[in-house]
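The following paragraphs lead the reader through a model of several chains, beginning with the way the chains are arranged and then turning to each interface and to one sheet.

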Amino acid sequence: MSGTGGRTLLTVRGLAKRFGGLVAVDDVDFDLDDGEILGIIGPNGAGKTTTFNLIAGALRADAGSIRLRDAEIAGLPAHKVAARGILRTFQHNRPFKGMNVLENLLVGAHRRVRARPWAAALGLPSARREDAALAAAARETLAFVGLGDHAASDVSKLSFGQGRLLECARALMGEPAIILFDEPAAGLTSVEAERLGGVIRGIAARGIAVLLIEHDMRFLLPLAHRVVVLDRGAKIADGTPAAISREPAVIEAYLGRHAGAAA
Amino acid sequence: MTDLLELAVSILEAGGIYALMALAYLVVLRPTGIINFAVGEWATLASFFSVATLGWWNLPYIPGAVLALAGVAAIGALTEQATVRPMIERGAPILTPILILLGMVVVYREAAALGFGTQNLRVPPPLGFGRIDLGPIAIPMQSAVVIAVSGIMLAGTWAFFERTIWGKAFQAVAIDRVAAGLMGINLRLVAAFSFAGGAAIAGTAGVLQAPLTSAHYLMGLPLAIKGFSALVIGGVGRVEGCILGGLVLAACERLVMRYAPIPSGFAIGVPLLLMILFLLVRPTGLIGARGRT
Amino acid sequence: MTKTRLTRRALLAGTAAAATAATLKAPAIAQNAPIKIGVITDRVANSAMWATLMGEGVELATKQVNDAGGVLGRRIELAWEDDQDRPDVSATRARKLIGDGVVMILSLSSSTAAQQAQTATLEGKVPHMSPSHSADTLTTRLNNPYFFQMGPLASFQIRTLMAYAGTRFRRVALLTDNSALGTVNATSFRQGLQQGNIQIVADETFERGVTDVTPALQRVRAANPEGIFHAGILGAEMALFFRTYHQMGLRQPVLGSFNLSIPTYLDLVPGLLEGVQFIDVYDDVKPEVVDFANRYKAVHNKDPFSLPAYGYDGIMLTVDALRRAGAPDREKLRDAMHATRNYTAVIGARGTTIGFAPDRRIGFPENGCVVRTIANNKHGHAVWRGLAAS
């Protein structure tokens, strides 16, 4: 079930989560390959955000397995999942206020820093070299997302759309294997959304897998390689955007209510 | 005037010590949110360790002093792991570690008294007690050492926070702990390192101060109070605030003590009074923290 | 706290075991229960340094008495309590000791703690003594007929200093620190100087924990006194004062309180105390002092000074009173204490003695202080015991 021909990166099997009597995620399976853009859609309450949080380690699954390559990561706490290379952006932009754009990216690069804090504190040459290399990488990333002119800007000066791009760039700095996007197009103008779509394609082209929750079909359907559809916690379809948009179950559960929005 | 020049040296020296103590609070407070009143006792322990390394074992100054600081840094890290971390991980409110550390003040002090006795012990200075003649005044050698070392340490800490990625990571934890954690920053390492760093900084203040006065088990509390006052005046935010707060507090004390036409018994209370008045006017202190308006 | 008491109990158990083993040779002891003397000390708070040193004298005297057969055919057993120099705790500890059956309580922590403990000893009708406290009001603020003050009052210090040096100066600086005892001393010094018609041209207080004393000494320098009287008692601040005094090139003679009799300063600021003169109660040529010094040195391997002597005398005076009382009974002991006359202690100038009277529970004689000088970084012999000669 590969969308790009890349290797299977993430394997989710039998994922389940309940909150008291409510079944939020019900026996969900899917795969994600290197460089694949996978969309997760469904009506409100379908379990999209919960699935996201289970993969990111913010919630603990009641059942099921999440394997990153060959390693089981279900049950790991969020910072450990991040350490394994699954990074997320925030639905409401969450930059570090008081730092400028470049500094925010450098924090994102933190995972890559090999030198220990005391080496940095003492100003050892190895630490300094590394910091300089990462600063160069940060500038490159900023150029890639289109914020190249804003390196020294304070983050409070960025527009909402630019803030989104910053989230992307910051996640990229961590050299992730997978980036999770939670409704990235929300609140963007169509110009900004197009720009963001281009960036996400660029990210996938670099071999990084992308998992995105999205409501805006005009943004998602042209972008995703594959789409997983959830309804009331269960997966009801899994395939290319064209294929799933023809599935009766999907049309009934979701697209039927937004017939005019289908691309 | 000779007096003013001498006072300037005195203000820089005392300001340096106070700034270091304020910084010791800051490096723990910002990433973890914990006000650690045990910083004074860390200064005490480092002074006693230097009695051992420099006095009993007769090591040359730099290795001896560094060893003393490493010792107290280790104690700082151990304290975090043994007493603070379990509370944080059980989701205790932030007041709990603060109270635990207040209890540690007593533990540290009793340990120092039991381990080193209750008498004042001599700490050797690095460069003796001579004077550097500079025209109209002579600067005591130890004063010069205090000013130089505290300046270097403050500048170095500033550079760590502003110029290294680890420093940025610490700031990120201070600004938005949850986001930082979700980005993969090892919050445990940051907490342990901030305690170790805070201990080393407070320890430096102790080792710098002790040759002039002595190492004794009660020296911690006044240093902790002065440091906290400097921290609050400076704005509880950045290294620059610590420096400014320390200098302002020292200047207040020295100038009032020297020139105010009041008995010196009252002059002792004036700086704290001024701090209270100052905070009524400007509660956030002199310099704002990053991530806050 | 529990830690402290457990350690003390372990020590006590060990001492008791050793003492028992040693005294098995002396047949006079055996059957009778030991006489308990309570000692309230401070192990870790503000007065710990002084209390610990006095405690050495207490232990030395107790061992000496027990080795020689005890008193009234019985061993002395010390009951230690730590009041952490807190007055309320001191009173509580005193009550506990009273409940444990002690015949005498010695207060080694601060005078404020001893003052508060008196409320317990008055109520419990138990003899109570301050071996070293110099506060003027310990025997007057509370009319406690069971309480005795063996040490010299602060006012005796300044009287002796004034008699010795008063004519040398017309204008002086008075220095002290903001500790409780430093403040008390300073008040007493101030009164004495004013009575001697000496002008105080600079009156400076050092704050506990002060990092440098330059501004205060600048004021002193600007006032240009002829001499400097230092009434302070805090070690670190005293050391800092001497360093700064020399740094600033000040030359006025320095005269100090009892506090300078503590040898620690000779280690802390070696060579910076030459020519300093201070009040002491330790007259090292007195035969009793020589004997005490030998005993102390045999155990501690260093020379004693006033503080251990206070503790030693505290026990020895109690033992002397017990003998005269004839029985380890609290009322009889109190009467015997009141009846103490011409007791030659370790403390006090040669030729002076300690004694109480029905209307006077201050034991130390007004002429019992000596003046000593520091030379070659050592405490010299008494250079003046003039009041004793009069």
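Chain A and chain C are not joined by any contact, and their closest C-alpha atoms lie 28 Å apart. The model in which this arrangement appears is a predicted one. Two pairs of chains touch, and of these the pair of chains B and C has the most contacts.

The interface of chain C and chain B may be taken up at this point. Here 39 residues of chain C are in contact with 41 residues of chain B. The size of an interface is often given as the accessible area lost when the parts come together. Between chain C and chain B the buried area is about 3,300 Å², and carbon and sulfur atoms give 50% of it. On the side of chain C, the residues that lose the most area to chain B are C:Thr211, C:Arg219 and C:Gln247, which together account for 21% of what that side buries.

Polar and charged groups also meet across this boundary. Between chain C and chain B, 20 residue pairs are in polar contact, both residues being at pLDDT 80 or more. The rule finds four salt bridges across the interface of chain C and chain B. C:Arg221 takes part in a salt bridge with B:Asp3, in which the closest N and O atoms are 2.7 Å apart. Several elements of chain C each supply at least two residues of the side that touches chain B, namely helix H2 (48-67), S7, H7, helix H8 (235-247) and helix H9 (264-268). By residue class, the side of chain C that touches chain B divides into 16 nonpolar, 13 polar and 10 charged residues.

Two of the elements just named, S7 and H7 of chain C, lead to the sheet of that chain. This open sheet of chain C is formed by seven strands in the order S7-S6-S8-S9-S10-S11-S12, with mixed pairing. Strand S7 (199-206) and strand S12 (378-384) of chain C stand at its edges, and because each has a single partner strand, one side of each is left without a neighbour in the sheet. On average, neighbouring strands of this sheet are turned by 25° against each other, direction ignored.

Strand S6 (residues 171-177) and strand S8 (residues 227-230) of chain C pair in the parallel sense, over four bridges. In this region C:Ala173 stands opposite C:Ile228, a residue of S8(C). Helix H7 (residues 214-223) of chain C lies across S6, S7 and S8 of chain C and runs at about 170° to S7(C).

There remains the interface of chain B and chain A. In this case 24 residues of chain B are in contact with 26 residues of chain A. The area buried between chain B and chain A is about 2,400 Å², with carbon and sulfur atoms giving 73%. B:Ile165, B:Trp166 and B:Met183 supply 31% of the area that chain B buries against chain A, more than any other three residues.

Across the interface of chain B and chain A the rule finds two salt bridges. The side chains of A:Arg94 and B:Asp176 meet in a salt bridge, at 2.8 Å from N to O. Between chain B and chain A the count is three residue pairs in polar contact, both at pLDDT 80 or more. Helix H5 (141-163), helix H6 (165-175), helix H7 (177-182) and helix H8 (187-213) of chain B each supply at least two residues of the side that touches chain A. The largest share of that side, seven residues, comes from H6(B). The residues of the side of chain B that touches chain A divide into 14 nonpolar, six polar and four charged.

Notes
Residues numbered from 1 in each chain as written. Chains lettered and ligands numbered in written order. Predicted model: local features only at pLDDT ≥ 70, side-chain atom pairs only at ≥ 80, totals over all residues. Heavy atoms only, no water. Contact = heavy atoms within 4.5 Å. Buried area = accessible area lost by both parts, 1.4 Å probe. Polar contact = N/O pair within 3.5 Å; in protein donor to acceptor, adjacent residues only side chain to side chain. Nonpolar A, V, L, I, M, F, W, Y, C, P; charged D, E, K, R; others polar. Pairing = 2+ DSSP bridges. Axes fitted to C-alpha atoms, helices over the stretch in contact; angles between N-to-C directions.
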